[in-house]
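Colleague: Could you take me through this model? I would like to start with how the copies are arranged.

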Number of protein chains: 2
Amino acid sequence: MGKSARPATISDVAALAGVSVGTASKALNGRGSLRAETRQRVQAAAEQLGFQANAAARTLSSGRTYTVGMITTDTIGRFSIPLLIGVEDALGAGRMSVFLCDGRDDPIREQYYLKTLLSRRVDGIIVTGRHARPRPPIGSGLPVPVVYAFVSSTDPEDCSVVADEAGGARKAIDHLLAVGRRRIAHVTGPEHHHSAVVRSSAAIEQLAEAGLQPAGPPLFGEWSEAWGRRAVGMLLATAGEFDAVFCGSDQVARGVTDALRAAGRRVPEDVAVVGFDNWDVMVLGCQPPLTSVDMNLEGLGRAAADLLLTAINGEPSPGPHVRPCRLVVRESTTVPVDSQPAG
Amino acid sequence: MGKSARPATISDVAALAGVSVGTASKALNGRGSLRAETRQRVQAAAEQLGFQANAAARTLSSGRTYTVGMITTDTIGRFSIPLLIGVEDALGAGRMSVFLCDGRDDPIREQYYLKTLLSRRVDGIIVTGRHARPRPPIGSGLPVPVVYAFVSSTDPEDCSVVADEAGGARKAIDHLLAVGRRRIAHVTGPEHHHSAVVRSSAAIEQLAEAGLQPAGPPLFGEWSEAWGRRAVGMLLATAGEFDAVFCGSDQVARGVTDALRAAGRRVPEDVAVVGFDNWDVMVLGCQPPLTSVDMNLEGLGRAAADLLLTAINGEPSPGPHVRPCRLVVRESTTVPVDSQPAG
DNA sequence: GAAAATTCGGAAACCGATTGCCTCGGAGGC
DNA sequence: GCCTCCGAGGCAATCGGTTTCCGAATTTTC
């Protein structure tokens, strides 16, 4: 009823074309030596039956599945999406499919998924997650190559592709210096969060390089707008003057921007603000739009997938692969020349 | 080097346990009649070798892949994630894996993925997308069941799971009425966007039911904060008085809220604001936190997966399945009793 | 103690595609 | 006219499991 019968097999094709199964296979794959007429006859039969080779059967003889697993160690989230898109993009070009597994931060689930993927004989595995902190390897002595994307493994021999967050932070500071700011404060996420620490210390080092101190100690808090707003209160109360705030995330930066405006400080005229992540929703919704550091997660995903593909082809690239961040300048740090930001 | 040898096969297990492959298979799957001792011996051997049955081989004889494909018709995005999580959740419990395919709004890509999935003999397919507008069926007479999630198919016989957006809009209006608002304006997304139209007309109908007119015509624009802000300018300029705004999305609602505050109107005292989507980042970042309609996308994904599972088991549930929305009340519509919203 | 019933486990077919090897027939060389 | 060579395509093994059928060994039954 509406459903077609079971999918056609190569035997059906062979029978319809009046050849043997082996010959049909050769005709469809361009192997062996066959008359052109025979080849076409088989192809026509396959077309007519809507034949699609059974991937499982193919796998069984070739040993390849043309499949990779992607395990997110913590829940699939905002960071995973661009990664996923990049991975999909690079793998799709190689005609490979992706198994998506959501580890939910649960090591048991993670190991269960790993087993499942190995049982499905994936050609390779990509491990990713929300936290950039190095994590224990997902397994050792695995029969397939593994690439860590965005996250890295504590085993330095494992192949990982990560963003140069420290470099991104330095670019942010350089930009603020370039637009003439000297009293730069820093507001960021939790002190135990790897990215917060990395970005923060890189920023401070870069300031020191320019012979400057940050305007007050870095303020650690949460990755939220509410914290950004509270932090502004603290800055205004305790710190001396400041003409810029470098924030550990766009959410924090947005909270900071809103609170500054509420306190009567103009952005960017009085205080310039830089965020991190270049999350479109935050960055464009903000008034004015936020200058931010972009980790190019999609490119990172693509790179990870490409490394995995070459590893599958027998050329592993062990160790960390660090990719640069990019600073996207918007109106929270520069006054536009000939246009006033519209509401 | 570091890589273990090829994965163990059932022959390896059988050899180690000193039985035939058939017996080993029975022992591992609890079939046939075997002595407990034999069973244990085989299981121990499997354990020792880290044996994981080759899924392709298993597929070949059983015909089942324990695999489903998930095709997003447009790019994987914010709406897809909760859906994906729900789907993953429900399928994971059934020990099925998910192939993720990103259609990118490109029918050619979509058909390519469909072919790939069919070639992989997935047990079923879930189709989803960013737009709730009914879309042409992804294929007809397919050999596997298909469930549309969030999106629906133009063929009313196709199984789809969608959110009752109209009902959600009615709940929003009812709530505003319940907190005493009578002059309710409506600001939403593009007029050609299905959700915008559905939510808007349901809201107007519900107002009519209460004998009310909306405060001015619905304002169609974009799904952005900037539009929400601009719309407030229009409301203040042209509309008469209004004491509430129902917005077509949280982004719009947030823009509206910000602009209202900037114009000196207090939220919720002077104007109550309701959003749609219950997107945590928007809803919690907003000042004050937004009351919003939640479509329960995760539950929707779970429901879609469950329907797919039962369809795979031979009990299809054709037609649309509409699931209720839920109103989440926050401070943008109600003044908290004993606490003042903190900045 | 022999026939029947039961238990246990092996042999082999099968799933669907790939591939190496072999055969058959026609063409060409001497 | 016979032999060789080559092109075309069939046969069958193979991949790794599952499952059916059957035989051997043991136990039960009278």
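**Symmetry, DNA contact and helix packing**

Colleague: By what turn can chain B be laid on chain A, and what relation follows?
Modeller: The model is predicted. Chain B is laid on chain A with an RMSD of 0.2 Å, by a turn of 180° and a shift of 0.0 Å along the axis. The two copies are therefore related as by a two-fold rotation axis.

Colleague: What percentage of the interface residues of chain B are also interface residues in chain A?
Modeller: The copies meet through the same surface, because the share of chain B interface residues that are also interface residues in chain A is 100%.

Colleague: Which element gives the most to the surface near DNA strand D?
Modeller: DNA strand D is surrounded by 29 residues, and A:Gly22, A:Thr23, B:Ile10, B:Gly22 and B:Ala57 are the closest. Helices H2 (21-29) and H4 (55-62) of chain A, and H2 (21-29) and H4 (55-62) of chain B, are the elements that give two or more residues to this surface. With six residues, the one that gives the most is H2(B).

Colleague: How many residues of the surface near DNA strand D are charged?
Modeller: Ten of the residues there are nonpolar and 15 are polar. The charged ones number four.

Colleague: How is H5(B) oriented to H12(B)?
Modeller: The axes of helix H5 (residues 80-93) of chain B and helix H12 (residues 297-312) of chain B come within 7 Å and cross at roughly 40°. An angle from 35 to 65 degrees counts as neither roughly parallel nor roughly perpendicular. H5(B) is therefore oblique to H12(B).

Colleague: What is the handedness of the crossing where H5(B) passes H12(B)?
Modeller: Among the residues that meet are B:Leu84 and B:Val87 in H5(B), and B:Leu300 and B:Ala304 in H12(B). By class, this contact has eleven nonpolar, three polar and four charged residues. The crossing is right-handed.

Technical notes: Residues numbered from 1 in each chain as written. Chains lettered and ligands numbered in written order. Predicted model: local features only at pLDDT ≥ 70, side-chain atom pairs only at ≥ 80, totals over all residues. Near = placed C-beta within 6 Å. Helix = DSSP H or I, 4+ residues; strand = E, 2+ residues; numbered from the N terminus. Nonpolar A, V, L, I, M, F, W, Y, C, P; charged D, E, K, R; others polar. Least-squares fit on C-alpha atoms with pLDDT ≥ 70 in both. Contact = placed C-beta atoms within 7 Å. Axes fitted to C-alpha atoms, helices over the stretch in contact; angles between N-to-C directions. Parallel < 35°, antiparallel > 145°, perpendicular 65-115°, else oblique. Left-handed = near helix turned anticlockwise from the far one by under 90°.
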